[in-house]
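Welcome! Please take a look at the structure shown here, and then read the notes beneath it.

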Amino acid sequence: MNSILLYVLLFVLMIIWGFNVTAIKIIVSHFSPVTITSLRIFIAFLTLSPLLFYRNRIQKLPLKNILMIALIAVFGVLGHHAFLSVGLNHTSAANGGLILGSVPIVTTVAAALFLGDRLTVFRILGLVFGFSGVALIMLVQPGAALQFSIGDIFIFVAVLTQATSFILINKMANSVGSQTLTGLSMLMGSVMLFALGITVEPEGLASLKSGTPTAWLVFFASGCIATALGHLLYNYAIQRIGAGQAALFLNLSPFFSLVGAAFFLGEKIYSIQWIGFLLIVLGVLLGTGFLEHRAKIRRPEAGK
């Protein structure tokens with residue numbers, strides 16, 4: 001897969017993940033959040049399981065790789081979702097969105113420190129434009145206010161755990177493969193989350209009886225498409241272009257979550273939020289090196 005096609009697929013994935021925010025809102029309004037999240041991730045594992053058992057990929061894994069995948073599950077599934085669910089219950093949507101918007105920055109800095117990624121001027125500008133776009137999108141929403149709360153700490157820890165999982169995926173993907181890594185980490189993470197759900201949500205399993213046919217349809221679509229195929233593609237992107245560049249695309253998700261909310265829930269999109277979207281796109285073009293590459297091509301042509 002060439003880089004341009006991969007970038008296009010990542011853009012489409014951010015649309016899917018943005019719409020998936022609305023899907024998750026529908027799901028958690030019918031079921032206990034932690035329990036249903038664990039089951040959604042388990043459905044994602046079942047979706048990917050044919051790829052795992054093809055050619056006995058799991059049986060060929062050495063113990064150290066299995067332990068590393070378990071660590072990815074602890075940070076990327078259990079830690080991220082647990083801290084995020086607690087944090088969002090104790091802070092505003094604006095604060096949560098802004099803090100989650102720092103994932104590309106934290107991931108890029110971590111990739112520079114631990115993976116040796118080069119921080120160019122273009123990449124730094126891409127991070128600045130991307131975060132500015134997220135800020136514009138989140139802060140103009142009705143009722144948005146920046147007031148510190150304990151939930152902000154939990155969400156920032158969720159950011160750190162997710163960034164850590166991206167770095168570990170970057171390290172492991174070439175030796176294990178994105179298919180095996182994604183599927184196994186989902187299996188392990190869903191089991192961990194389910195155990196947590198039983199502890200903190202005693203009524204979690206009982207809440208499954210309250211689901212409507214629409215809620216269950218959304219649940220399976222979210223698990224099979226957004227979670228399973230989405231994370232498979234994203235982890236492959238980390239393997240191909242690195243954790244820092246792949247994380248830049250995450251800035252697009254908040255805008256498309258607004259589009260999804262407008263389309264399915266009738267919420268309003270403000271004109272300044274479109275400006276935020278353009279800033280995010282500019283940030284992605286700068287951060288992935290697309291504009292830098294185009295500038296290098298034009299320089300020799302101008303000298304002829």
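The notes below go through the chain as a whole, then some helix pairs, single helices and chosen residues.

This is a predicted model, in which local features need pLDDT of at least 70 and side-chain atom pairs count only at pLDDT 80 or more, while totals for chains, interfaces and linings use all residues. Residues are numbered from 1 along each chain as its sequence is written, and side-chain values use heavy atoms, with hydrogens and water left out.

**The whole chain**

- The chain has 13 helices and 0 strands; helices (H or I, at least four residues) and strands (E, at least two) are DSSP runs, numbered from the N terminus.
- Of the 304 residues in the chain, 48% are buried, where buried means under 20% relative accessible area, exposed means over 50%, and partly exposed is in between (1.4 Å probe, protein chains only).
- Take the contacts (heavy atoms within 4.5 Å) between residues at least 6 apart in sequence: 89% of them join residues at least 24 apart.

**How helices pack**

- Two packed helices are described by the angle between their axes and the distance between the axes.
- Axes here are lines fitted to C-alpha atoms, for helices over the stretch in contact, and angles run from 0 to 180 degrees between N-to-C directions.
- Angles under 35 degrees count as roughly parallel, over 145 as roughly antiparallel, 65 to 115 as roughly perpendicular and the rest as oblique.
- A crossing is left-handed if the near helix is turned anticlockwise from the far one by less than a right angle, and right-handed if clockwise.

**H3 with H7**

- Helix H3 (residues 63-88) packs with helix H7 (residues 150-176) at an angle of about 160°, and their axes are 8 Å apart.
- That angle makes H3 roughly antiparallel to H7.
- H3 and H7 have a left-handed crossing.
- Their contact holds 17 nonpolar, 10 polar and no charged residues; Ala, Val, Leu, Ile, Met, Phe, Trp, Tyr, Cys and Pro count as nonpolar, Asp, Glu, Lys and Arg as charged, and the others, Gly among them, as polar.

**H5 with H6**

- The axes of H5 and H6 cross at roughly 160° and come within 9 Å, so these two helices are roughly antiparallel to each other.
- The crossing of H5 and H6 is left-handed.
- On the H5 side, Pro 104, Ile 105 and Thr 108 make the contact, and on the H6 side, Arg 123, Leu 127 and Phe 131 do.
- By class, the contact of H5 with H6 has 4 nonpolar, 1 polar and 1 charged residues.

**H1 with H2**

- Helix H1 (residues 3-28) and helix H2 (residues 33-53) pack at about 125°, with axes 10 Å apart, so H1 and H2 are oblique to each other.
- H1 and H2 have a right-handed crossing.
- Asn 20, Ile 24, Ile 27 and Val 28 of H1 meet Pro 33, Ile 36 and Arg 40 of H2.
- The contact of H1 with H2 divides into 5 nonpolar, 1 polar and 1 charged residues.

**Two helices on their own**

- Helix H6 (residues 121-139) has 19 residues, which should span 27 Å at 1.5 Å a residue, and its end C-alpha atoms agree, being 27 Å apart; the expected span is 1.5 Å times one less than the number of residues.
- Buried residues of H6 include Arg 123, Gly 126, Leu 127, Gly 130 and Val 134.
- For the 17 residues of helix H12 (residues 271-287), the expected span is 24 Å, which agrees with end C-alpha atoms 25 Å apart.
- Among the buried residues of H12 are Gln 273, Phe 277, Ile 280 and Val 284.
- Gly 289, just after H12, takes a positive phi of about 85°.

**Three residues to find**

- Asp 117 lies in the loop between helix H5 (103-114) and H6, and is partly exposed, with a relative accessible area of 26%.
- The C-alpha atoms of Asp 117 and Gly 244 are separated by 7.9 Å, although these residues are 127 residues apart along the chain.
- Asn 170 lies in helix H7 and is buried, with a relative accessible area of 16%.
- Not counting neighbours within four places in sequence, Asn 170 is in contact with Leu 115, Ile 238, Gly 242 and Ala 243.
- Ser 222 is in helix H9 (residues 213-241) and is buried, with a relative accessible area of 2%.
- Leaving aside neighbours within four places in sequence, the contacts of Ser 222 include Asn 20, Ile 24 and Arg 40.
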